[in-house]
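Student: Could you take one strand of this structure and go through it closely? I would like to know what lies on either side of a strand and which way its residues face.

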Amino acid sequence: MSGNEKSGTDMVHCEHCLQETNRASAIIVKISGEGKTFCCKGCLGVYELIHNNSLDAFYNQRFDWQPGPPATEVKLQASAFSDTVTITGNEHRIELLLSGIRCASCVWLIEKFVMKIDGVVSIRVNYATHKAAITWSGDKVSLDTILHGISSIGYLPHPCHGNGTADLFAQEKQDLLLRFGTAGFFSMQLMIFTAALYAGFFEGMEERYRLVFQLISWALATPVLFYSGYPFLSSALRSLRRMTLNMDVLVTLGSLSAYCYSIAMIIYGGEMFFDTASMIITFILLGRFLEAGSRLKAGNSIAEMAELQPHEALLISESGATVMVPVAAVQHGEMIEIIPGDRIPLDGRVVEGEAEVNEAMLTGESNPVLKTVGNEVFAGSFSMNGRLRIRVIGNAGNTLLAQIIRTVEDAQARKAPIQGIADKTAGYFVPATIVLAFATFFYWKITSSNTVTALMNAVSVLVIACPCALGLATPLAILVGTTTAGKRGILVKGGDIFETVSKITTAVLDKTGTITTGKPSMTNLHDYGLSPSFMQHVASLEAASEHPTGRALVAAWQGERLTVTQFRAIPGKGVSGVIEGTLWRAGSRAFMENENVQIDIKQNAHTASLEAEGKTVVLVACGNRLAGVIGMIDDLRQDALPLIAGLRKKGLALMMLTGDNQGVANYIAARCGISDVQAGLGPLEKAAVISALKAKGECVMMVGDGINDAPALTEADIGVTLGHASGIALESASVAILKDDLSLINTLIKSSSRCFSIIRQNLVWAFSYNLIALPLAVSGVLHPIISALLMVVSSLVVVGNSLRLKKI
Amino acid sequence: MSSIFYLIGIGLFVGVAAWFLFIWAVKSGQFDDPEAPKYRMLDDDDEPAKAVKPIEKKSP
């Protein structure tokens, strides 16, 4: 496994991954009487699994595979990691990001393997974040050994520099969890004593028990208010200083006045509301905690997207040798090498080599693009089958990918809290209540000249005005609305979204993967009768091809496949192979012309007419004559038309955006009846189209699914992703529909207008309760226990009304 | 009747103990990765024997 020194004769190929391995370190196992060599236990395990399930055919089908140089041959530079190591005494600790983790058994393999290295104290691999935390004793083993150990089993370690925002969110979430948990524990204890006190109010209780229970309640409520409630207290204080009153002021006012009133009641003898004070805090903290969780996810996926950009590049030095260096160290104009299967670390222009590059994450185009000398390649895309040398353009900070990440981050920050309805009204309600309380105090002070009565009446105004129902009105309806929607597979991320969805005027749809299936399927077939089983031959030939077009053709034939020998795939052109003694070829028109296949006028016309419709055309040759022409297109989804009809019925303007070419765009737009089409747009251009619409005063909903849609999704008032959207699209959208069902977009629009109207009803109720009860409190009529009851009833009405949302 | 005070004391003690346990759990990262533990329990502690046990489908 030390792949450094080797001589030609000592090397063997691993049976599973075809990588070259030193004979001395290879694992040799007898399977079915034959000695097989493996480079590592992982490969052996996979081989055994495949073998024991009688799937050995897999190994026979890949005769044209090139044994690619494993990532492990890349010289890992421990120095690139050294700044992330923390040393305490002899104990060294590092966090690594591992690429190549696909499933839980990868985690298992890495953990077991690294623990076997002498000197490693502990390793924990986080399956969710692909981060490994390793501690080892510095005098027994070097970091180099550990890194090589990990890479020898096929996982590539990267230095983990930590993502500022994600770490911050994680800390915030942990902090909120502590505060909420504390509030929960103490509130539960508090409830026991409050229940006893309530019973005592009706049944009577001994004075000494009463006093003890009250004191315990006080002791239990204090940490809830001042530790758990600290975020509200400090935010309320800040907002008071800035003279902009928000919801936190209401929460603080409500809980603090109940708290202070109760303390006064211990002294003067009366009913207490410590439970009210702490329950307000507990419930609102729960909402905050859930919100922090979804924000943490958003932060993580930005970090994940940043991971698309590799941290190291293979720099080609002047002497021609390749060295692994941090991406940041690569300058404009330097040359780097990209090995097959690797992500491209920087934007650049190809100077040597040829490869098909998958740019799906940037363009949404599912077909790999052939890149040859002179073509531009982009960071984050990956080379599927060839070795490239590129000259770097710009640096790590200004790649296209980095620009997309920045756009998304900016948009998310800018979008931050829209002031809710309750927040706006709090601006009038809070000062009015405070003024009223003061007025009550002075009125009773002057008329009865009894300070205690005056104070009690003033505080009771604050208690009755306690905005429990008002505070619950919006968040509760949203909580119920979002969970109900969530059960149907619609994830709504935030309260203001329901409000915005009900105001939408324009719906913008992405083409690939949203209106269309995202996979090409066969639409036209011209069979020239050279072979009775044309499709069978085509499917057999394409079966070994990795190309999406090829897979579509394989899917078009359900029957038995024929044996293909001498299979060859020419990147970007086509495939060829021998079936039943005849040479069959399938590929582009250029490929056929290159290979001198005869194409007559009729066949040429077929090809040209299909191309004009924006279709992908595959020509199939049997021997030297053209056997058939196949047209393929990424066609409409079945549920696209009902969706479009539904949106149109709501009176929304419709628009289609795509990164694809005009021909395909026009074909699809005509089929679904959208007249407003813009084709050939890059990720940032899509976002620009959206902001132009917004500038015209439209309220825009964008539906998309790829990373290339992410900037547009954040830019839109409402971004909706669908089905198996990429992680970043999922997080930059405000609504994520998890099921692959377009009709749920119509459900979303319907349920949000319903949720919004319930919120309005709740607010009207909460306000009218306060308007009626307040005058009574001012006049000193309300007995505290009755006002407490009223408060509970008011909250229950809001709760009950919100629960109606469960039935959508 | 003073037994009620003992009972209150015990009740409070248990509650506060659970609270400390919770704080310890949060601080030591028990809530950090909710994803892996459910798979981890399927792992064996020892090196797998020669016989293959299919744990997960693994793409080659």
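Tutor: Take strand E12 of chain A, bearing in mind that the model is predicted. Four bridges connect E12(A) with strand E18 of chain A, residues 388-392, and the two run antiparallel. One of the positions to look at is A:Glu337, which has A:Arg389 of E18(A) opposite it.

Now turn to the other neighbour. Strand E10 of chain A, residues 312-316, is also antiparallel to E12(A), which spans residues 335-338, and two bridges join them. Here A:Glu337 appears again, as the bridge partner of A:Leu314. A:Ile336 of E12(A) is opposite A:Leu315.

Next, the faces. In a regular strand, side chains point to one face of the sheet and then the other in alternation. E12(A) can be read in this way: A:Ile336 and A:Ile338 make up its covered face, while A:Met335 and A:Glu337 make up the uncovered one.

Step back to the whole sheet. It is open, has six strands, and pairs in the antiparallel sense; the order in chain A is E11-E10-E12-E18-E13-E16. The edges are held by strand E11 (322-326) and strand E16 (376-377) of chain A; each has a single partner strand, so one side of each has no neighbour in the sheet.

For a contrast in kind, look at a helix of chain A. Helix H5, residues 143-152, is mostly covered, with seven of its 10 residues buried. Among the buried residues of H5(A) are A:Leu143, A:Ile146, A:Leu147 and A:Ile150, and A:His148 is on the list too.

Buried residues also bring us to the nonpolar cores. In soluble globular proteins, nonpolar side chains tend to be buried together. The largest nonpolar core here has 86 residues, and those touching the most other members are A:Val508, A:Met701, A:Met702, A:Ala716, A:Val720, A:Val735 and A:Ile745. Helix H27 of chain A, residues 743-778, supplies the largest share of this core, nine residues. Domain 5 (490-515 + 637-751) and domain 6 (519-635) of chain A both contribute residues, so the core lies between them. Take A:Ile745 as a case: leaving out residues up to four places away in sequence, A:Ile745 touches A:Leu643, A:Val703, A:Val720 and A:Ile737. There is also a second, separate core of 35 residues, including A:Phe180, A:Tyr259, A:Phe283 and A:Leu285.

Chain B can be described briefly. Its secondary structure consists of two helices and zero strands, and 0% of its 60 residues are buried.

Definitions and conventions
Residues are numbered from 1 along each chain as its sequence is written. Chains are lettered from A and ligands numbered from 1 in the order in which they are written. This is a predicted model: local features need pLDDT of at least 70, side-chain atom pairs count only at pLDDT 80 or more; totals for chains, interfaces and linings use all residues. A residue is buried if 20 or more other C-beta atoms lie within 10 Å of its own, exposed if 12 or fewer, and partly exposed in between; C-beta atoms are placed from the backbone. Two strands pair if DSSP finds at least two bridges between them. A nonpolar core is a set of buried Ala, Val, Leu, Ile, Met, Phe, Trp, Tyr and Cys residues joined through C-beta atoms within 7 Å. Domain bounds come from an automatic or database domain assignment. Two residues are in contact if their C-beta atoms, placed from the backbone, lie within 7 Å.
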